[in-house]
Every structure is written in structure tokens, then in C-alpha cells.
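Load the model in your viewer and switch to a cartoon view with side chains available. The stops below go through selections one at a time.

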Amino acid sequence: MTKSITPETKTRIRQSPLPVIGAAVAVILVVFYGWSQRDWLANVADIEARDVDMQSRQLERGYATELDDLYSAVSDYAIWDEAAELARGNRPNFFPESLNPGSLVRLEVDTFLVIDRNFETRASFATDANSGQVYEIPPDPDLLTAVKQGAASEQLNGVTDSLRGIVQRARGPALFVARPIFDRAAKGPPAGWICFARAFTPVMVEHMGRFSPWPVTGYPVANLDRSGLPADVTEWVRHSPLSANLLTRVSGRTHVSGYLILRDQVGTPVWLVQLEIPRSAYAQAQRTTLYQTILLGLLVSGFMLVAVLLVARSRRLSADRKALESRYRAIIEQAQDGLLVADARTGEIVDANPAVQQQLGFTLDELRGRSVLSVLRGPNDSQDPVIATLARVEPSRGIELVQWLKDGRQMDVEVSCVPIESRDRRLVSYLMRDLSERKKAQTQLLANQQRLDKLANHDHLTGLPNRLFLQAHLPEAIARGQISGQMLAVLFLDLDRFKHINDSRGHEVGDKLLQEIAKRVRAAVRPVDVVVRMGGDEFVVVLHRVHSPDEVAIAATRINEVLSAPVMIDGRALVATVSIGVSMFPRDGATMGELLKHSDTAMYQAKDLGRNNFQVFSPQMDRSLKERVAIESSLRAGLKLNQFDVHYQPIIDIHSRRVAGLEALLRWKHPAQGYVSPERFIEVAEETGLIIPIGQFVLDRIGRMHWWQVAIKPAKPLASAITAKRTGHDT
């Protein structure tokens, strides 16, 4: 019985091409993989060959370096007056007497030869590396022949000419360098020729190989048959042309060898230098190829398995998608925030959840077909670019808009826009969150912040800005003045005898007086100026945009005049004058600290001049203040160190010409200034309160004057000046 294929089965076959696609992709991958791996291994082998060739050329450079070292050694003797004289036959004992055997041994020079222009030997020496001695030997015929041939062929006639290479000697091959000999003038024909030779030994091969990180071995060509080298290498050495001195040969799977032929002057191979490089890169490439082959097999198998699983999964996802859409629909409908779905191109609403329907007062049928701009507007009923941005489906987060309700009311909302990709058209979802409660909380928070800011930066008694406000405001005003080049003034105000009012009338009256003073000062200056209560009975006025010092003088005079008028407090008239110190930016300071310090100094100067006036700071005030501070410090130290003394001045009755009494006079002996006049320190002592302990010191000294009462009969009075502060009165 033949089994028929149902239409549903045919549809599934047509809708499931993944296995066929997977098989085709697998075949393509295998073919491409095989070709790429073969090419990769060939590239690795080529890289190894280039590396060996580079290292072999490095050996050539090492060989050239050895010749250059020998050239440098012989050059020290080639251009030398004494060497030229020796070559001419004038100083036959020069070299035996002047040679430094140690330097020749260090240079590994084993033969030293000098011949004159007639090719006669003038000097022939050999060095013994073991004993460090130089001894005379007959000239080596091979070395002598090589030098003569070079000189005869005119290769050694110029100052910079040289002949270098390998020479076959009876005692073995050697590197040699020959140069013409000139005196220091280096003019005319050479006086002769000089030659240094260095035996070519395995140590020389090691020196050549110091430029290569790989093992280097040297073989004399005469012994190649016993060297164990491959036959093809031996054959190459013996029959290679003069220009072919390098050979790269793969020695199995473990090493790649490079060979360098060193030839003598006539081109005969003398030494063969071998360089062996391990084939680690090729071995790693083979291992990698094996691993990749295994991995590719696993990937192809996995790919086919995944293709089969995807077919089954796509069917399952189709069913799950429908269930998920139903679940999402339920979540959206139960969401507390409003959600609108609109067409991205036209902006027409296509769906809305129950929450937004309740917010707007429209049903779903009423919302469908409406433009999203009919329910969402910008501030002040404007369709600003924000709405256009939303309509173009450009993602935007947290945009605050106005929602228009059906009954005409408006509500602030936060709108988030997310594009939705659909099969048939592009949609946009608008998530709208009510901001009414948030706005209310933000307004309350702003009001609280402003209230706290006012409490922190304003005086609670007078309502004026306080010291904290001044610390933030004055540096900014100075910075603006530095940019604009305008002046500003700082007026430091201190009420005169305010403590007396507080003590006599009470603090409540004092507070009311401070409030009235604050109002008058604020009214006496311009609105752009700043009035600050620093604390107690001190105020600071900052005058902005000052054009001349006269403006400051007018303002200070106006403040003095306004505050001189009586103030009615609880039915009683009080008069409170003020002393004002003035400092100006930039003349008197460039920082807040300097301006306040100098205005405070000027204020004390105003008090010293009788109060109820203003004084402008000058450098002399600063010096006077520093002097008063120094006197105060010295007074305190003088009291502790007993620097004060009482002198007694007799009082004479001019009628009887007899002593009528004594006057006690205070004297201060300063350790550095000597006796200091009371006129310099009494006023400072009274202002600082030090007059009390000083007066007590004087009275104690007078009280111990018993000898005066005993010696003078009848007793005479003893007078002393007493400050008002000693009697308990205040000025």
C-alpha cells in the first residue's frame, strides 16, 4: 500500500529548507577548508625559508663585521709617519720596539706583515695568544703572494684602498686585511703595504653567529666528507658557482638548515657555515590544522543538528508567539500607565489600553483614527518640534508634554516613545505617565529649598543677607569687577556705644534698634548695592559699579546722616551713630579677605577720630594698626616679665620750697626699645583692658611705700593718675 503525501506535509517540506541549505553550506565549508589549510601550510614553509635566508645573510654580515674589525685594527698603523719610515727602510727596529703585544692578542691578530714598494719584507711577526709575546717569523708565502697580487693589480694605491678576504695558508685558512702605508700627509704613492691576518677557526664561526639566536656550526671544506653532512649539500659546495653562496634546505620535519660558503681570494670554497632553525612554526601549524579539522567536523555535525532542531523550534515558537501576544495584551490592558499605539507615518491612533482611555475620557472607537497630536501637545498648546520628533519615530525618553482630555482639561504627563516593527507597517507606542503628583512634590520641594536657602543666607533678626551670603557674593562681585574693570567699595559699619544701649535698655530694645538701623541702611543705598549684617552691631555694605571715590564718600556721608537721626523705640528716642571704614577694589585689595580687613582697619580709625564719621583706608592705617597690635602683645609680655616700674616725682610747694607730696609715675622699660613713653601705650592699654592689671600693679607698689610714711613727718600725700575704667565707668 502506497502512502500518500498530504498537502500539510508538502507545505512543511516547502517551509523547511534549512537541512538542504545546511548540507550545501557544509560541502562549501569543507572544500574551502581543505584549500585554505594547504595554502596556509605552504605559506608557513615559505616563511621558514625566508627566515633561514635572512639568518644566513645575518651570518654574512657577521663575516663582514669580522673583516671590518680587522680593517679597523690595521688602519691604526697604515697612516703613520713611523710606519712609512719603516717601509722606506729608515727605521728597521720601529715595530719590534713599539708594538704592543697585548693589543694584537686582544684583536686576535696572529700574523703581522710589512713590505716596501719593491715587495721586500720589512717586518714579519707572529703573536702567541697563550704567552702574549710577539716574535719574528719568515713571511708566510701565501699571505705575501696575496698582498703582492693586490699591490700589483693597483688595488692598494689609494689612501682608503684595502684588500680583504680569506687566504689559504700552510697552517690553515685565515682572514686577512691589507692596506697601503702612507705618512700623515697621505700624499704621493704609498711607502709600502701592511697586512694583518687572523686564523679562521671554529671560534671565528662562533663570533659570526653572535648575530643569530640559533646554533651555528662551521666545517672546513677539506673535511666535508667526514662531516656527516647530506650528500646533496657536499655536492652543492663543490660545484656551486661563485655567486651562489647561500642554500636553504629542509632537514625533515624538525629543522630547516641554512648554509653559507666562505671563499678565498681566488673563489675556492674554504669553509661551510651551517645554521639550524627548528620548525616550531610548521609543527604548530600542523597541530592547528589537525585541531581545526576536528573542530570543523564537529561544527558541521552541530550545524546539521541545529538545522533540524530549528525546524522543530520554529513550529513551537509559532504557537508560543500567539500565547505570548495574548499574555502581553493582558499586561498592557491591566497597566496603570496609559499606552497609545499610533501609525508611524500618519500619526493616527490604532490602539489604546484602558488606562489611557480612562485618563482621556475617550472610548477605544473614539480614539482610533484620531491624530496623536490631538491628545498630546507641547507647553502652551504648541505643536513644537518635540511632537514632530515623536511623530518621526525617533526614540525619545522622558519628554514632558500636556495631555488634552475630552472635557477640555489639561494634564501634565511624561511620554516615552518606542518604535514597533510590524510585518505590514511601522507603529509607535507612547507610554504616558501622570506627572500631577510629581509636579506637586517638586513644587513643594522647591519651596522648601528656597526657604532653607533664605534661612541659611539671611539674618533672622533683620532679614538682611548674612556673613555666609557675603562669602559667596563678594568674590563673585570681585571677579566681575576684574573682567569689566569697574570699581566696587566695601563699607564696614559698627554702631557706636551699642553695648551701652543693650546694657541700659535691654536686649529687646537693642534688637528693635538693629532692625530699624538695617531698614535705614538698606534705604540709604541703591537697589544694586548689598547690605549684610555680619553679626552683633556690625554691618557691611557692598557698593557696585562705582565710578569714582566721590560716589563712595557721598554714600558713606548719607549713611552717617540717616543713622544720626533719632530712632523711636517703645516711645523713647534713641540716637545711634555709626563709624564707617571704607576700602575700595582694586586699590585696597584684590580679595574678599583684604577688602574686609582694610575696611575694618579704617572703621577703627573712624572710632579713634571721635566716632560718627567715615574713614577711607590708607596704608598708614595698616601700619598704625600693626603698631598697636605689637604694643598690645608687648604689654602682655611686659606684665608677665615684670618690665614695669613706678618712679616717684616730688611735688614742691613754691611758697615754702618744701616737699608737699609725691606723684607716682608708671615707667615701662622695654628690653629692645628702652623706656617707652606712656603716651604710646596708655591708650592701647585702655582699649584692650590691660589698663586694669597695670593700674593694680601701680596701686600695689604704692601700698608698699611704708618708708615714705615713716621718713616724712608729718605725712605727705602721694598722688597717682587713675583711669576711669578703674572706677567702674565706661565711655
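How many bridges join strand E1 to strand E6 (residues 192-199)? The model is predicted, and in it 6 bridges join these strands, which run antiparallel.

Select Ile 115 next, then Trp 193: the latter, in E6, is the bridge partner of Ile 115.

Now select the whole of E1, residues 111-116. The strand is mostly covered, with 6 of its 6 residues buried. Show the side chains. Thr 111, Leu 113 and Ile 115 point one way, while Phe 112, Val 114 and Asp 116 point the other way. In a regular strand, side chains alternate between the two faces of the sheet.

Move to E2, residues 121-128, which pairs with E1 in the antiparallel sense over 5 bridges. The two strands form a hairpin with 4 residues between them. In the turn, select Phe 119 and check its backbone: phi is positive, about 65 degrees.

Back in E1, select Phe 112, which stands opposite Phe 125 in E2. Add Phe 196 to the selection; both Phe 112 and Phe 196 are buried. The count of aromatic pairs comes to 9. Phe 112 and Phe 196 form one of them, a tilted pair with 5.1 Å centre to centre and 50 degrees between the planes. Phe 112 lies in strand E1 and Phe 196 in strand E6, so this pair ties together parts that are 84 residues apart in sequence.

For the last stop, select Tyr 77, Trp 80, Phe 112, Phe 125 and Phe 196 together: ring pairs link these residues into a cluster.

Key. Residues numbered from 1 in each chain as written. Predicted model: local features only at pLDDT ≥ 70, side-chain atom pairs only at ≥ 80, totals over all residues. Heavy atoms only, no water. Buried < 20%, exposed > 50% of the residue type's maximum accessible area, 1.4 Å probe, protein only. Pairing = 2+ DSSP bridges. Phe/Tyr/Trp six-rings, centres within 6.5 Å; stacked < 30°, edge-to-face > 60°.
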